[in-house]
Every structure is written in structure tokens, then in C-alpha cells.
Amino acid sequence: MDKKSLSERDICSKYIAPAVQRAGWDMHRQVREEVSFTKGRIIVRGKLHSRGESRRADFILYHQPNLPLAVIEAKTNKLSLGSGMQQALGYAESLDVPFVFSSNGDGFLFHDRTGTGSQVETQLTLDQFPSPQELWQRYCQWKCLDQQAQEKVEAPYYDDGSGRMPRYYQTNAINRTIEAIARGQDRILLVMATGTGKTYTAFQIIWRLWKSRQKKRILFLADRNILVDQTKNNDFKPFGQAMTKIAKRQIDTSYEIYLSLYQAVTGTEEEMNIYKQFSRDFFDLIVIDECHRGSAAEDSAWREILEYFSSATHVGLTATPKETKEVSSTTYFGEPVYSYTLKQGIEDGFLAPYKVVRIDFDKDLQGWRPPKGMLDKNGELIEDRIYNLKDMDRTLVIEARTQLVAQKVTDFIKATDPFQKTIVFCDDINHAERMRQALVNLNPERVAENRKYVMRITGDDLEGKAELDNFINPEARYPVIATTSKLMTTGVDAQTCKLIVLDQHIKSMTEFKQIIGRGTRINEDYGKYWFTIMDFKKATELFADPAFDGEPVVIYTPGAKDSPVPPDDLLEGEDGVSLGEGEQPGDVDFPEGEEGTKRIKYVIDNVPISVIAERVQYYGPDGRLITESLHDYTRACVQKQFVSLDDFLRRWSDADQKKAIIDEMAAQGVMWEALAEEVEKKLGQPLDPFDLICHVAFDQPALTRKERAEQVKKRNYFARYSGAARQVLEALLEKYADTGIEHIEDIKILQLDPFSQIGAPIELVKAFGGKAGYTKAIHELEDELYAG
């Protein structure tokens, strides 16, 4: 057997796996092969999407399930021993593993990230691969884990038998937390983007500590009732009878896992602080969900709970650690033991990317000054000054503006999907109610079908609040549109929300990230792969803030008469936007009048409003915002892969299957369907992928599929075949002209008409002298199609 001719997979099975097994690794319990640990970034182009390639490690070695120690990257024997090392180091960094190996089957190049060995990289023979015990001891030395701490970090994960495993970043967060606690750290901060499974991560941390009896009584604190209920009924369900939710201000000390709202155990009056019915040392672990919302604030009632139970270990979870003069998550908890950002989530394909539609109104940007002595709708004298965007819906209500926002939202929904879940964020409850009314009046036929098509879901409205569960339930069709102010900014797991409308003044980065997080969950079963943000109050200027970490795929500013739906041929936008002059990101409150009283809100019903700008931008694979057409984007994409037309032609003709090149280019971001549709509109006829690339990327004149098929017929190519073989090739040529190259490369096409009428697949293949002859004939047909 010639080792140089072996595939990468052969090298894995014949050389690497046996070497690992000889070193004492349990191949069933400690070794996983071909592990895809990301999903592949979702690439959005127009109305279409595709997924980039997932990241896949050839081998991951574990001390025990979910405690990874090492990565091995395999290469063919034609390449050097260390040719996979840089790729493997990238995987190791993401997977948080210290030991990295590259192999071509001749031995191993070993890279030690711990610094505990004599040198960083060492060449090993196949028989020198380290044992599990050796790597575990070096791992513990690197993590400063003594014998007692080692036993603590070996506490097993919860396994429900379904094969569900935490995602790689959840494993990192869980293990880093357990290791920190094992080393005696008692204040821990985890930062994980919304939609990445913070509650499931918290569950595994609590389960491991509880089951190993390191922590016997645990309190999980949240600030929204729905968060507590979601947690109890879903991720925390395995705790069963050991778990209770603190309700009705009653304490029962017979449980071990307690879930509670902050508000349920505290109050302004001393007798309302029922947490004091527990002894100070009752809990030995407290997990604080959305800890940016209050536990970090020194004067917060929530902080009093943490100080009362100060002997317990405190673990804070947040998507957005808060750092202001008054509130600091890191001062209280310390630096995060692990962070997983929105940008990483989008890059890995676990979170949905998004487009932004920005719409600016004339009165917002140019300002409006009332005529002298003008009264508002309620007879109030309007203060004489210039009103602009910062006043809208706070000190000044222009009813035509609310109407125009509702109109733009309705136009978008009708043009895309009338039943896409939509959240409209408003400045206050009054604004949310006015927006509800405007949307109801613009969608009468939908409201006639079901009165809950549009609902106001705010803290003061019991009926609206009661619909929150239905809104976030993917299976419940109604409500479709929810208008809200603050209630839905955090913790609402709206998996199928496809449109987020910002008609709210947001200058706090924390709140902005939380609101964006309402749409970042992916739900493939319901076709939710990306979402759209419509911004009417310049909230998305916060994208330009360095503290933001997940830029949009597109930002679109339509003109006054344009549809609010981003056009398919507009791709990535510009390099971001700066904040307005004198504005700083920070919490914004309503302006106050004299002596701290709330200023009068003027309501105007006779001032017209018009759109002066709309724009859309996409977010490129490299994280840059660029404005260009699909045509220019494809050209740039192709020219990164192929240095010249000759290079492309050579690769195309050498490929055993053209589909492989088509798929590879799709993974690099070429959107075949959208590109074909755009070029077909211009030329009036469909093109083959080959001609699309030659025409778009290299300015070659395009031939249609029918023209290529006709050329083959004129060259009398079929004369060398007869009988069934000739009939099959003629039918394949017709199929190519109709549907393209990918279909004729698939042998399963012989099961379909008209081939099934010529004969059974096995008979048709025999007409070419067997499968090899049939494959050869297909390749020759492709050569004829692309000749000259």
C-alpha cells in the first residue's frame, strides 16, 4: 500500500487512531472523531440564505465526557508532519484545550499551550503519543488544581440519555466556572450573548455542583416572572422534587433548589424582605440571571440579598455586563471567567444575522418649530422652541409620525410575511397603545380574522401580558405584532421573531444589546435564519460604538416612496455611522420640567410628516460593511478563489464533479440562485453556473444552456454511441438545457422520466459497459459542453 496515496480519513483510521489507542485512550469514552463544533455562519443575500462551512476537528480527546484535553488535526501523507498545526491551534483556542497535535501518519507534532513542558513544540513517533493520565496531570498543573480540586472538577454533567451535549462554548463556560469554584473563587461572572443558552449553562453548573454535594442549597434569582417559569419548566426540570419556586411570600426550607424573583423576596418595608427568614449561611450557591439589571448596583435591593448571603458563592450571568459610574458588574464579580459574544455566535452560525432598515423623517432631522401661540390637540400652549428627534414621543407626539411608522411596518410585513412575529419597541406605554391602534387600523382584514393579530404587551395590561407566552410560542400564530416599551427587552425567548422595530430612544448599550437579542435566536423548523431591524430613532447608531460586537449584515435607508423591504441586489453597506454631535451612549431618561416634575407631552394632530431617507446594508464575511451590487460582490468573491479566467477554466475542467466547485463557491458566499435571477433579468434567459462566473467575474460573453446544448448537437458528438446509450446521452443533454449541470451528474437521474421509459437504471448503465463507462461518458459530455 502506497502511504502517499491514502486519503486523510485513511491516515486517521490506519495510523492516528491506533497510535492513540495504544497510548491507553478509551476509544469509546475518551475519543471523538470528525467533530463539527460550529454550525457554519448563515450568509444572507436578499431573500435567500446559505450556511458557510462548519469548523470540524478530526479528533478531540477527553479526560471524561465534556472535559476536553487535546485536539488532533490529520493531513495526508503528501503533506508535512506539522502542516495541520496552525489549523489545530485555531480549533484548540476555541475549544479551550491546551494540547494540540498535527499528524500526517508518520508521527505527531505536539504543541503544548500550557508552558509546563520543556519546550512548546516537540516531534513524537507514533508510539510516543502521551497517555490520558500524563495529559490530565499536565492539565491540572496548568489550571492550578490540587488533588481535592481535581475531584471537584470531575463532577459529571447531566445526561438525559438523548445524546444532547452542550455546545463547545457552553462546555467552556461550565468548565471554567467549576474550575474557578474548585480553586476557591466565590464571585464569578459569565458573559454570554442572548440566545446562546445561558440558562442551560447555569443548569449544568448547578447540577454538577449539587450532584457532587459541593453545593447543597442553591438559589437561582431572576427579575422577570416569565424567566423563572421558563427556567423551572424547561432547563431545570431534571431537579424535580428537590426544586421549588418561592411564591406568595412563603418560605419552605425543606427544598434544595430555589427559584425566585428578586421582587418576591424583597420590598420597601422590612417585613417584605422575606429572604431574611433563611439563615445567612442557608445557601452556598446563588446564581443571578441577567445580573446587569441590578445586582451590580451598590444601592440596589438585589445587592442586599447578595450581601445577606455573602458566604455563598455568587455566579452572575449576563449578555451585557454593565459598566457605568453607578453600576459595575466587574467590580462586584471580577473579570468574566468566560465570554461568548454576539459576533462569535453569528460567526459560528448559532445566532441569526440581521439586516437593518433605517428610516429618517423630516421633522426628526430638520426639526419643527410651532407657530407662535399654537395650541396642541388638548388645548395646551406649545412651548416655543425647535423640537427634533430627541423630543419625539417624549415631549412631543406628532400623530402623523406614529401613523407613518405603522404604515412602514405594515408595508414591510405585507411585502415579506404577514405572519412574521414582530416586536415594536416604543418610548412608553402611551406610545405603545397609540402604535397598537395605528397598526390595527392599517391591518383591518388581519384583525378581523383574529383580534389578537396586534397586541400591546406592557407591564400595566393584564390581557396583553397574558399573551406573552403565546407570542413566544412558535406554534401559536397569534399575537403576530406586539407593541411594548420595557417589558420585552430582556429574557423573552422569541425564537421566531423576524422583525424588530425600534421607535424608542435607546442610548444605553446594555439595553440596545438586550433588544437586539430578542431576534438573534435561530429556529430552522419555522424558517427563522435571520431577522430585520427597522430603526426610526437612530438607535442603530450604537452599531458604531466600539462596545458593540456584532455588526449587521445590511443597513438600508429607503427613499420616501421606496418599499421598506431591502432590495436583493444591494449588499453590504458603509463602514458604520458616528453618534450625533454631542451625543454619548448612556442611559437616557425623559426630560423634566421645573422642580423635577415630568414635562407636559404635547400632542399634535395637524402636522404632516414625510420620509427623507431610507437605507439597507449587509454585513460581509470579514465583518466589514460595504455597499455594492450582487454582481460586484460575486466578482470579488470569485477573484479571491481564482487568480484568472485560465485558473477557473483549469479547475472547472479538472473537477470530477462540477457540483463540488459550485458547492465550494457557495460556502465562500456566492449566492447562486440570487445571482442567476439577477443576470437572467438582464439577459432574459437562464445561465449555467459556469457561464455565470465567466460572465460576471471575467466579463466573458455568456452562452445559455440551450446554446451550449445546440453546439454539442452540431458537433455530432453522439455518432460514437448507439441504442440505449445514445438515447440516454441525448436525454441528459435535454435535461442539462432545462435544469443545469448538477442534475446530470447525479446517477439517480436515471430513475426519472424520460430515462425510466428507456430502461431500468441498471440496464442503462450496462449500455455503457458498466458504471465506469457511464461516468466516463458523462465527463466527456461535460467536456463537449464546455469546449471552446
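A charge is taken to sit over a ring when NZ of Lys or CZ of Arg is within 6 Å of the ring centre and within 35 degrees of the ring normal. In this predicted model, Arg164 fits that description: its charged end sits over the ring of Tyr200, 3.7 Å from the ring centre. Lys3 does something similar with Tyr15, its charged end sitting over the ring at 4.2 Å from the centre.

Tyr200 also turns up among the aromatic contacts. Together with Tyr158, Phe203, Trp207, Trp210, Phe220, Phe236 and Phe239, Tyr200 forms one aromatic cluster. Over the whole model, the count of aromatic pairs comes to 51. One of these joins Trp368 and Tyr387, with the ring centres 6.1 Å apart and 40° between the planes, so the pair goes down as tilted, a label that covers whatever is neither under 30 degrees nor over 60. This pair links distant parts of the chain: its two residues are 19 apart, though both belong to the loop between helix H12 (362–366) and strand E18 (396–398). As for burial, Trp368 has a relative accessibility of 9% and therefore counts as buried, and Tyr387, at 0%, is buried as well.

Turning to the strands, there is an open sheet built from 6 of them, ordered E1-E4-E5-E6-E7-E8, and the pairing is mixed. Strand E1 (31–36) and strand E8 (121–124) are the edges, each pairing on one side only. With direction ignored, neighbouring strands of the sheet are turned by 25° against each other on average. At the E1 edge, E1 and strand E4 (residues 56–64) run antiparallel and are joined by 5 bridges. Within this pairing, Arg32 stands opposite Ile60 in E4.

Two helices lie across strands of this sheet. Helix H1 (residues 8–22) lies across E1, E4, strand E5 (67–74), strand E6 (99–103) and strand E7 (108–112), and runs at about 15° to E4. Helix H2 lies across E4, E5, E6, E7 and E8, this time running at about 160° to E5.

H2 spans residues 85–95 and includes Ser94. Is Ser94 buried or exposed? Its relative accessibility is 18%, and because the cut-off for buried is under 20%, Ser94 counts as buried. Leaving aside neighbours within four places in sequence, the residues in contact with Ser94 are Phe37, Arg55, Tyr168 and Asn172.

How values were computed
Residues are numbered from 1 along each chain as its sequence is written. This is a predicted model: local features need pLDDT of at least 70, side-chain atom pairs count only at pLDDT 80 or more; totals for chains, interfaces and linings use all residues. Side-chain values use heavy atoms; hydrogens and water are left out. Rings of Phe, Tyr and Trp (its six-membered ring) pair if their centres lie within 6.5 Å; planes under 30 degrees apart count as stacked, over 60 as edge-to-face and the rest as tilted. Helices (H or I, at least four residues) and strands (E, at least two) are DSSP runs, numbered from the N terminus. Buried means under 20% relative accessible area, exposed over 50%, partly exposed in between (1.4 Å probe, protein chains only). Contact means heavy atoms within 4.5 Å. Two strands pair if DSSP finds at least two bridges between them. Axes are lines fitted to C-alpha atoms, for helices over the stretch in contact, and angles run from 0 to 180 degrees between N-to-C directions.
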